[in-house]
Amino acid sequence: MNPLATADKRDAPLVLEIKGASLDDGPGIRTVVFLKGCPLDCAWCHNPESKKAGPELSFDAEKCIGCRECLSVCREGALDPGRGPDRSRCTLCMACTEVCPSKALEPVGRTMEPDEVVSAVSKDMPFFDASGGGVTLSGGEPTLFPRYCGELMQGLKARGIHTLLETSGHFSRSAFDAHIRPHTDTVYFDIKLISPEAHKQYCGVGNARILENLEHLLAFHRAGGLELLPRIPLVPGITATLANITAVADHLSALGARKVQLLPYNPLWHGKTVNIGGRVDGVPGGFMAPEEVAQWETCFEKRGIETL
């Protein structure tokens with residue numbers, strides 16, 4: 001099987017990365033499985049290489065040693081040492097990644113069957129058991145692949161591993177309820193913008209389905225069905241505005257939410273965007289100061305919503 005094949009008709013995504021020892025993606029020590037593909041196109045996406053469902057080629061100019069090995073295998077003549085691929089000519093054959101000694105050229109995404117992922121993450125079970133951790137599915141948007149994720153999470157639960165899903169909320173409720181929810185302990189649900197127009201402008205799609213799914217899962221949460229934590233990414237001038245944060249806080253309060261997690265903006269995604277041939281335009285460039293985060297915390301706490 002081609003390790004760089006695109007998602008097939010069996011609802012199989014590409015695995016972007018499996019990252020162990022995470023302390024930021026749920027309770028305890030966690031292993032995070034990042035899947036490739038997302039229905040949103042957020043201007044500030046922290047994992048820009050996860051947006052497209054298909055394979056991509058990453059080039060890190062700082063790692064390139066100018067050895068020219070890649071030129072000998074590129075049939076399209078699409079490579080320039082020190083400058084990387086001409087993406088208009090590159091066919092993503094990935095031959096260059098196999099000969100690049102410094103890993104300046106690397107494939108983005110690989111196929112893995114659900115049982116392969118379960119086996120790979122199970123080696124971390126001692127850390128899960130000692131810390132109350134588990135496995136987090138992230139992306140991209142894992143719910144794009146409900147059958148795959150359901151099979152993967154079912155395999156994890158069979159081994160007694162806590163499962164957590166990070167989602168944008170833009171998913172088919174029927175597919176989610178049928179395949180994913182029965183095997184999910186916790187959901188981290190991102191709320192970015194309340195205005196439908198602003199959401200479409202900055203995230204590429206409207207938010208009606210997201211808000212409907214949030215209401216559905218909060219009701220299920222209140223009934224004891226699963227743990228749910230709404231999260232708000234704080235992007236200066238986009239999501240982190242008084243109008244939007246107030247609207248988000250009012251909306252969550254009306255739905256009975258009692259806790260939220262605020263995600264301070266950081267610019268570490270800029271380099272990854274450049275490496276896959278993208279551009280960084282019209283977005284903030286620096287980290288968010290703690291005092292600015294505290295300002296937004298107040299908006300939720302005034303409404304009786306605890307911030308994490």
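Q: How should I read the burial of a single residue here: is Asp124 buried or exposed?
A: Burial is judged from relative accessible area, with anything under 20% counted as buried. At a relative accessible area of 11%, Asp124 is therefore buried. Please keep in mind throughout that this is a predicted model.

Q: Where is Asp124 found, and with which residues is it in contact beyond its neighbours within four places in sequence?
A: Asp124 is found in the loop between α2 (114–122) and α3 (125–131). Once the neighbours within four places in sequence are left aside, its contacts are with Gly20 and Thr31.

Q: Thr31 brings me to strand β2, so which way do its residues point?
A: Arg30, Val32 and Phe34 point one way from β2, while Thr31, Val33 and Leu35 point the other way, and all of them are buried. Because six of the six residues of β2 are buried, this strand is largely enclosed by the rest of the structure.

Q: In what sense does β2 pair with β1, and in what sense with β8?
A: The pairing of β1 with β2 is antiparallel and runs over five bridges; here Leu35 of β2 is the bridge partner of Val15. The pairing of β2 with β8 is parallel, also over five bridges, and Phe34 stands opposite Ser138 in β8.

Q: What is the order of the strands in the sheet as a whole, and which are the edge strands?
A: The sheet is open and has nine strands, in the order β7-β1-β2-β8-β9-β10-β11-β12-β13, with mixed pairing. Its edge strands are β7 (110–111) and β13 (306–307), each of which pairs on one side only. As regards helices, α2 packs on the sheet and touches β1 (14–22), β2 (30–35) and β8 (134–138), its direction making about 20° with that of β1. Further along the strand order, β11 (residues 227–234) and β12 (residues 259–264) pair in the parallel sense over four bridges, and Pro233 stands opposite Leu263 in β12. Helix α10 (residues 290–301) also packs on the sheet, touching β11, β12 and β13, and its direction makes about 160° with that of β12.

Q: How do I recognise the buried side of a helix, and which residues of α5 are buried?
A: An α-helix has 3.6 residues a turn, so residues three or four places apart point the same way. In helix α5 (residues 173–180) the buried residues are Ala175, Phe176 and Ile180. Seen down the axis of α5, these fall within an arc of 100°, so they line one face of the helix. Ser174 and Ala178, on the other side of α5, are exposed. The buried residues of α5 pack against α4 (146–158), β9 (162–167), β10 (186–190) and α7 (208–222).

Q: Which residues are buried in α6?
A: The buried residues of helix α6 (residues 196–203) are Ala198, His199 and Cys203. They cover an arc of only 100° around the axis, which puts them on the same side of α6. The face turned away from that buried side carries the exposed residues Glu197, Lys200 and Gln201. What covers the buried residues of α6 includes α7.

Q: How many aromatic pairs does a search of the whole structure find?
A: The search finds one aromatic pair. Phe171 and Phe176 form it, and the pair is stacked, at 4.6 Å centre to centre with 20° between the planes. Both Phe171 and Phe176 are buried. A ring is also involved where the charged end of Arg181 sits over that of Phe220, 4.2 Å from its centre.

Q: Which backbone angles deserve a second look, for instance phi of Ala21?
A: Most residues other than glycine have a negative phi, and most peptide bonds are trans. Ala21 in strand β1 has a positive phi, near 60°, and with a relative accessible area of 63% it is exposed. Arg68, likewise not a glycine, has a positive phi of about 70°; Arg68 is found in the loop between β3 (56–59) and β4 (79–80) and counts as exposed at 51% relative accessibility. Gly204, which follows α6, has a positive phi near 85°.

Q: Where is there a cis peptide bond?
A: A cis peptide bond joins Gly139 and Gly140, with omega about 10°. Gly140 lies in the loop between β8 and α4.

Terms used. Residues numbered from 1 in each chain as written. Predicted model: local features only at pLDDT ≥ 70, side-chain atom pairs only at ≥ 80, totals over all residues. Heavy atoms only, no water. Buried < 20%, exposed > 50% of the residue type's maximum accessible area, 1.4 Å probe, protein only. Helix = DSSP H or I, 4+ residues; strand = E, 2+ residues; numbered from the N terminus. Arc of directions from axis to C-beta. Contact = heavy atoms within 4.5 Å. Pairing = 2+ DSSP bridges. Axes fitted to C-alpha atoms, helices over the stretch in contact; angles between N-to-C directions. Phe/Tyr/Trp six-rings, centres within 6.5 Å; stacked < 30°, edge-to-face > 60°. Lys NZ or Arg CZ within 6 Å of the ring centre and 35° of its normal.
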